[in-house]
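Visitor: Please show me the structure, and then let us talk through one of its helices and its aromatic side chains.

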Amino acid sequence: MQNESTVAVMLGLVHAATFFFYNSLYGRMRRGGKYREGKHVSFAQMPIERKLTKLAFATNAFLVLASFWMPEGALGFLTVPWLMRAGGLAVVIVATLFLRQCLITLGENYSPLFDSHRPFRIVREGPYRTIRHPIYLANMLIILGYVVAGASVWSLALGAWGWFYMALSIIREERFLSNAFPEYEEYKRGSRMIIPYVL
């Protein structure tokens with residue numbers, strides 16, 4: 001029992017640190033402010049599906065933390081080995097570091113498509129050489145890590161919503177970028193949407 005409490009504390013600390021690091025990555029991009037060109041969209045102005053997605057992600061992060069302290073057999077929480085749950089957090093850490101690299105590569109070209117303006121150019125460096133939407137890939141992997149680490153039907157349901165929303169966003173962005181940038185079609189032919197050499 002003592003060992004389980006120690007593991008729960010350690011995993012909880014790792015999870016909390018990674019979550020704050022994740023949020024700081026986006027926070028730094030937003031504080032730069034250049035991509036907004038003076039525009040600011042508050043939470044209240046966001047479309048309802050985007051609000052729900054942000055809420056689902058934050059709730060999922062909280063559920064992962066809470067799951068480390070849930071008694072076995074608690075409603076909706078599954079009995080999963082600690083090693084597997086630690087593996088889920090490892091996926092989250094690696095995906096968050098990958099996300100950091102993607103955001104660095106975008107730099108001032110970072111543009112949340114539906115709350116500011118179109119990107120300045122098509123980025124083809126770094127992860128963007130082989131896949132067109134590595135930030136979505138990173139976030140999908142983070143959600144996958146949450147599902148494994150959280151070990152609950154609740155994490156799975158929230159994760160499913162996140163994956164669904166991101167899939168729709170990718171389709172919208174593909175359409176937008178194809179219309180906004182004539183060179184995007186050529187870029188599409190030499191890259192994959194989200195999984196290198198596969199999809």
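Visitor: Where do Trp161 and Phe164 both lie?
Guide: This is a predicted model, in which local features need pLDDT of at least 70 and side-chain atom pairs count only at pLDDT 80 or more, while totals for chains, interfaces and linings use all residues. Residues are numbered from 1 along each chain as its sequence is written, and side-chain values use heavy atoms, without hydrogens and water. Trp161 and Phe164 are three residues apart, about one turn of the helix, and both lie in helix H5.

Visitor: What angle is there between the planes of the aromatic pair Trp161 and Phe164?
Guide: Rings of Phe, Tyr and Trp (its six-membered ring) pair if their centres lie within 6.5 Å, with planes under 30 degrees apart counted as stacked, over 60 as edge-to-face and the rest as tilted. Trp161 and Phe164 are 6.0 Å centre to centre and form a tilted pair, the angle between the planes being 45°.

Visitor: Is Phe164 buried or exposed?
Guide: Buried means under 20% relative accessible area and exposed over 50%, with partly exposed in between (1.4 Å probe, protein chains only). Because its relative accessibility is 46%, Phe164 counts as partly exposed.

Visitor: How far apart are the end C-alpha atoms of helix H5?
Guide: Helices (H or I, at least four residues) are DSSP runs, numbered from the N terminus, and the expected span is 1.5 Å times one less than the number of residues. Helix H5 has 28 residues (153-180) and should therefore span 40 Å. The end C-alpha atoms agree with this, their separation being 40 Å.

How values were computed:
Helix = DSSP H or I, 4+ residues; strand = E, 2+ residues; numbered from the N terminus.
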